[in-house]
Structure formats: C-alpha cells, structure tokens
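Colleague: I'm new to this one, so could you walk me through the terms as we go?
Modeller: Sure, ask away.

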Amino acid sequence: MKPLPLVLWAAGLAALAAVPWLGSRFYTFIATDIVILALFATSLNLLLGYTGLVSFGHAAYFGIGAYTCAILMKTHGVPFPLALAAAPLLAGAAAAVFGFFCVRLTRIYFAMLTLAFAQIVWGICFKWNAVTGGEQGISGVPYPDLGWMSALPLVGSLRVGEQYYLVVLVVVAACLAVLKVIVDSPFGRMLTVIRENAERAEFVGIDVRRYELAAFVIAGAFAGVAGALFAIFNRGVFPDFAYWSKSAEVLIMTILGGMGQFWGPAVGAAALVLLNQQITAYTQYWPFVLGVILIVLLFAFPGGIVGTLVAAGRRLKGASRA
Amino acid sequence: MLELRDLRKSFGGFTAVGGVSLTVAPREIVAIIGPNGAGKSTLFNLVTGHIKPDSGTVRFRERDITGLAPHSICRMGLGRSFQRINIFPRLTVFQNVQAAIIAHRGHGHRLWGRSADLFRRETMALLAAIGLEDRADAVSGELSYGAQKQIELGIALASEPALLLLDEPTAGMSATETRDAIALIGRIVRERGLSLLFTEHDMEVVFSIAERIGVLHQGRLIAEGPPLEVRANADVRRVYLGGHA
Amino acid sequence: MFDPSFLFGQFVSGLSTAMFLFLIASGLSLIFGVLRVLNFAHGSFYMLGAYLAWQLVQWLGPRTESFWLAVLGAALIVAALGAVIERALLRHLYGREELYQLLFTYAVVLVLADVARYTWGTQQLTVPRPPSLDGAVNVLGATVPLYTLFIMALGPLIAVGFWLLLERTGIGRTIRAAALDREMLSALGVNTSWLYTGMFALGSFFAGLGGALVTPVRSLVPGMDVEIIVEAFIVVVIGGLGSFWGTFLGALIFGQVLAFGIVLFPRFSVFAAFVLMAAVLIVRPWGLLGRPLDR
C-alpha cells in the first residue's frame, strides 16, 4: 500500500482537532475515548500484525500505565508531564520482565503466559489496597494543570475536558508518528520477516527472541501511555483496566479495523466505540452483538474494515484498468 | 573451512546420525548423497544449529560452532537453504532478499529511516545474479516453485556466506529446471569463491558439479571421495539402488 | 487451624473439586488434543449444562429420578449444541491461523453468556441435592457430604472408563491417531470431518455433564463460565495440553491448591492460580506429562 500523502494526515489531524468546536461536549468525550484507544490498539498491532505475536494480556501495560499516572498525580501531586513520562517507563519495564519469559514460548503457550501475567497484574491491583486502592481503585484523578491554555487565543475559551482532549490528541499523534517511523524502519522490516517465517529469520542472522522482546517492550510502553491518558480521561483507575476482558476488547478492535494495515486498529477503535455507544442505547445485550459481529468478521471480513476496503480498492483499480 | 567430527544424534531409540566425520575445504564443492531417511537433513540441522548433537563437534573456519544458535552461525558466514520452500511468502521478491541483506549488514536494530529503499542497489544486483530482477515486485508466495527456490538461494546468498549449505536444491524440479538451477548454482559458487556442501537425490546433478561425494546410509558415511571412486564403490552400488551408476 | 480433622476435611474437599475439575478439563484437553483448538467456549458449555439441568429439574418436578434425568438431558443437549457449532461454523476456520479459531470460540462465549442472561436472568439459582444423596457421613472426624463422595467416586470411574475407551477400542485408537497425525488419518480413509465433530461433541458433553453435576454444590451465577474456563485452563496447563493422565494429575494438584490456598493465603487466592499457571509455563510449558509442542 502506498504511503498516504502528508496532506491527508494533516487534514485528518485538523479535522479531529476541530471536534470541540464542531460538536457538543459528548462528541469530545467520544473522540477522546477513540483517540486513546486508537493508540492502545495500534501498540498491540506492533505485536500482532507486524510481528505475528498474539498477546492476550496487553491490558496489563495499559493498567500499569494508568495506575502509575493516577498514583503519581493523585497521591503524590506529581505534575502531568512527569507522570506521563513515567507511565511508559514502568509499563515498558514490566513488559521487559514479562516479555523475557513470554518470548521463550510459542503460539498458544505464549498467548497463555501473557494472559497469566496480565491476571497477576490485575490481582496485584485488586489486592494491594495501600497503593492501588484495591477493589475500589483510585478515583478523583485530577486533570493536569491546563491553566496555560487559557492564555491561548482559540483554545482559551474551551472547557477543561475539551482542552484535555487537545492535549490527548497531540500526545497520541506524536506517539502514532513514532510508531509509524518504527514500522517503516529496518527494525520494522525485521519484525515483519519474523512474522512471515520465524525459522527462516533465524537462518538469516536475526536473533528472533531479542527482536520479539524489543517489540514487546515498545508495544507495552505505548500501551502505558494510552493507559496514563485514559486514567485522567476516566478521572479514575480501576483493577479491571488490566483484566483479560480489556485485553480481549483491544484485540477485537485491532482485528475489526484490520491488523494488516497501520491505521486498521485506529479505525477499529473508532468503530467499536461508536458501535458500543449506539447499541448499548437500545439494549443491554452488547456482548451478544459483539460476539455476532466478531463471528461475521472472522468469516466474511478477515482483513477487517481497512483490509476489506483496501482489497476492494485494488479490485476496482484492476477493473478500471482492464 | 568446515570440519565435522564424529557427529551423533539419536531421537528416542532411533539413530539419525551415527558418527559422521567430514571436511569441506575452501572453494570446494562437496555433495552428500543417500537414500531417503539416511539422515541428510538431520546432518544439516546439526551443522546449522537447528538441533544440538548428542556428541561430536562442528568446526567452521577454525572455530567450534557446535550447538550455537542458528542466527550466530549465520553471522559467521554459513548460509543455508531448505529442502521445503522456506521464504517470506507475503513479502515481495525484493523484500525477501533485502531483508536478508539488512540483517546481514547489521542494520536490523535501526528504529529510524525508511526501510523501503535500503540497500536497493545491492538487492537488485543479487536478484540479477540469480535471474529474478524482472520479478522483483512480485509477491513471493505467488510465484512458481522454481522461482521460489531461486528466492531461497538469493536469501542464502544475501548473508554473504563463505560456505553454502543447500538441502536438496533441485527437489521437485523438472529436468530442464534442474539443469538451469545447477548451472546457476555452479556459476555463482565459482564466481564468488564459495565452498558448497549440498545434499541431493539426483545423481546426474551430483556428478556434474561435485568435486567430492559422501554417501550417507542409515546415519553413517559408507563412502567418501571423488565422483569416479564413489561410483565404482561396491558398497555404494549395493546400497544405492536406482539412479545412474 | 492445623486440627487434623479440619485438614482432612479440606483434603477431601480438594479431591472432590479435583474430580469435578478433571471431568471438565478432560473435555477441554480432548478437544485441544485432536482438533488443536483451545475452546474458550468450553466454560460456556459448562454453564449451559448447569442452567439446563436447573431448567429440566423445574420441568420434571421434584421426583427422585428427575435430577439424574436432568443431568443426562442437559449434557446431551450441550453435546448437540457443540456438534452444531463445530459442524456449521468452526469447521470452516480450521485452515486459518490459530488466532481466528480462538477468537471464534471467544465470540461464542460472548453470545452464550448473553443467551443465558436473557433466558435465566442474573439472580442466583440453586438445585437441591438428589434425595438419594442428601446427607453426610463422618470420616476421620470430618463431616463429608454424600454428594461430595459421589463426585469423588465418579471422577476415577470416568477416568478409567475413558482411558479404556482410548486404549482398548477401535474408536479410541482412531482418536489417538488423529491427535498425532490428522493428514495421515484422512489419507487412510477415515472420515476425519465427522471425527472432529464427534470429538467436539464429546468434549462438550463432559463440560455440560460437569456443569449439571455441580449444581447442587455451587450456585448458578453469571460469570461461572469465565471462572471455570480459567480453572480448567490451569489444570490442563499443569498437566500438559492434550495429555489424559496429565489432566488427571493436574486436577488433583490444583484441587488441593484451591482447597488449601484459600485457607493458607486468603489474600492471594485471587491470583494464586495464575501465579501457578505462569510458573508452570515458564519452567515447563508442556506441563507434567505433555509433549513439547514444536515451533
């Protein structure tokens, strides 16, 4: 797929940035949710789509990032930029430790160990009342000090939730840009090669375990950033941020959007959040609907939304040339 | 260049390789022949680090490489192709070979810079050498068996090996394809001054380029030497029914 | 706390839990061994078995035999459901990557959980013990319910019965062959397609049977599907994926871990199971009696 021109990127970013002025508070709320989850899902895709590693426990790093930010900001009054920097460091460190053991396994065993580690993280959050607030979690996580924004021309008039959305947008855009650079780099190429044929990769001189661990740590770190952003957005953190169902959610998002494309997971995040909004307004049986969507996806649209669109586009181009 | 000393490997009660010793000199072309199940692929796997031997040593360029990880052995200058097609199917031909070059040149760790055009010149040169430069952008998994075998060779060569291990390089090919493939391999090996150790079923292939031949039977070398000698060997004739004698 | 009759009581409780876990986990292990699919929906089948048993008891009335009829009926219905799901849907995903099969079974979990929620609601349901097994006996100072003893006896019975099936019958040979080499088996003319359906149905039968049998002991609540699949996973990992006796051993070990873990480490019981699972996966991924899986 040819890389999208920079103009399209800038246009997309501008459109997203305009949401607080174009829509109501609710739209900004949804947009914040989508943007954060887009980062979370894209970080997972570094493992899933690019390296071929199926992780059932990616929420662990989301949770660690979230708790790190919440604890630093709420309990210790640390300013936001520092807390935001600490989240990926801790999440990445955890990923390094867990990943070291996980990459020594393959396929189903790898997946199950990632799940086990994530549940251990959940358990720690659930039980360590003193630090993590236990089952109740930590509520009342403060917004960062956005006073400086009030001085700015356009932005000053916005509510704090909308100002925070813009901060989130900038952080996520920067993170996604870094991730894009990584997947386009020689390192990214090595990951794809590992996905295609790990055995052959070994015989080409690639230390597969080391590369997989590196991917695991990078993915975990970015998930940590997403978690930190979410902690503030949600005004609180709870143990189920690390629960396996959150890992399943982000996995579904990634596949729904298309794990074979860079923007697939982001599209999937948007699709899932919007679908959830729409459907839960009518019925409490969202899991049922999600299950059915997933089944349809697996059978009819394995490439996800973006993958299906790209394939259709190719067919159209081929037909028009003929 | 390569020295195997008394290599042994058993699986359960079955002895796959029972004490094989062999040397390959620089720029030499050696073939290992033997019926199915003789232990040829296992022997290769022992050399390239895919399996650890029960006993015995493998020395490459004066260094003991016994039991080292495959990626380390590759970095020392040992290139290998596989009996079954072992390429990167969803990548293009160009990307297949380019990836191997990127890994070999030690750029795999770079998190910056676009990989799309890295080492373009070197990759195209290698593709030209193996005759695939006009199909550089084709998706490798969709090409013919013969073309995929060529890609296999290209990937192995990309690591700039001093010794090439080819496991049944002409398996599954027609007579014409086999002739072409062997001619290509022979030419490349001689041009680049490589050593070559390969396994084969096809006798004509073996006798056309091998300088020395080793005959493997039930995990043991029952004969070893120049082609004419091996051909005349009574044990070999008895064991190796069929083929051209 | 270290009063011997209390310890013995816990031990017996652990054995009973083990046997019933074994029943469920062996279904999971069987499906993985032959079909190479880790069926997340196995817990959902267990849950359905429990709810269906409750429903059938409601319909059949409070007669003595109604409990056993309900148990059998529930297990058979679940087996049929499993067969339908495998035949109509799962079958078409066999050629694809493992991830798709796993996600499919997860989707089934989502669907079945809501089907149960819709049909039976979210409040706790209970099934009374069958009159023939109501009551308890005194063993070494501990009061052991008769029903618990029944489960403890049933476990080894089923284990031996199933082992005999695998080792001594033609069908068993076919199953074992399928676990080792499917392509070879179909090349030999065995209808592997129906074999898989049959295996999936059999595994689901065990899940449904386990769910139905547990109703007098554990109450039916939403979330029981998740709880049991986690426990079954751990048992199978400890024992070794695809290994029959491994599952038995894993169930025995885990049963005791559950029984004594809650007593000794009340704060950590929540994720002690996962710590155990992680430890096994790190040190010996193929479990105690499994075969190392090739890359």
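Colleague: In what sense do strand S7 and strand S8 of chain B pair, and over how many bridges?
Modeller: S7 (residues 163-167) and S8 (residues 195-200) of chain B pair in the parallel sense, over 5 bridges. Two strands count as paired if DSSP finds at least two bridges between them, so this pair qualifies. In one place Asp167(B) stands opposite Thr199(B) in S8(B). This is a predicted model, where local features need pLDDT of at least 70 and side-chain atom pairs pLDDT 80 or more, while totals for chains, interfaces and linings use all residues. Residues are numbered from 1 along each chain as its sequence is written, and chains are lettered from A and ligands numbered from 1 in the order in which they are written.

Colleague: What makes S7 a strand with that number?
Modeller: Helices (H or I, at least four residues) and strands (E, at least two) are DSSP runs, numbered from the N terminus.

Colleague: Which sheet do S7 and S8 of chain B belong to, and why are some of its strands at the edges?
Modeller: They sit in an open sheet of 6 strands, ordered S6-S7-S8-S3-S9-S10 (chain B), with mixed pairing. Strand S6 (78-81) and strand S10 (220-225) of chain B each have a single partner strand, so one side of each lacks a neighbour in the sheet. On average, neighbouring strands here are turned by 15° against each other, direction ignored.

Colleague: What packs on that sheet?
Modeller: H1(B) does, touching strand S3 (29-33), S7, S8 and strand S9 (212-217) of chain B, with its direction at about 145° to that of S7(B). Helix H5 (residues 145-158) of chain B lies across S6 and S7 of chain B and runs at about 170° to S6(B). Angles run from 0 to 180 degrees between N-to-C directions, and axes are lines fitted to C-alpha atoms, for helices over the stretch in contact.

Colleague: How is the 4-strand sheet of chain B paired?
Modeller: Its pairing is antiparallel, in the order S2-S1-S4-S5 (chain B), and the sheet is open. Strand S2 (14-24) and strand S5 (63-64) of chain B are the edges: each has a single partner strand, so one side of each is left without a neighbour in the sheet. Strand S1 (residues 2-11) and strand S4 (residues 55-60) of chain B share 5 bridges in the antiparallel sense, and Leu4(B) has Val58(B) in S4(B) as its bridge partner. Helix H1 (residues 40-47) of chain B packs on this sheet, touching S1, S2 and S4 of chain B, at about 65° to S2(B).

Colleague: Why are H1(C) and H9(C) called roughly perpendicular?
Modeller: Helix H1 (residues 4-35) and helix H9 (residues 224-239) of chain C pack at about 75°, with axes 9 Å apart. Angles of 65 to 115 degrees count as roughly perpendicular, under 35 as roughly parallel, over 145 as roughly antiparallel and the rest as oblique; H1(C) and H9(C) are therefore roughly perpendicular.

Colleague: What makes chain C and chain A count as touching?
Modeller: Residues are in contact if their C-beta atoms, placed from the backbone, lie within 7 Å. By that test, 29 residues of chain C are in contact with 30 residues of chain A. The largest share of chain C's side, 13 residues, comes from H4(C).

Colleague: And how many residues of chain B are in contact with chain A?
Modeller: 29 residues of chain B are in contact with 21 residues of chain A. H3(B) gives the most to chain B's side, with 5 residues.

Methods
Two residues are in contact if their C-beta atoms, placed from the backbone, lie within 7 Å.
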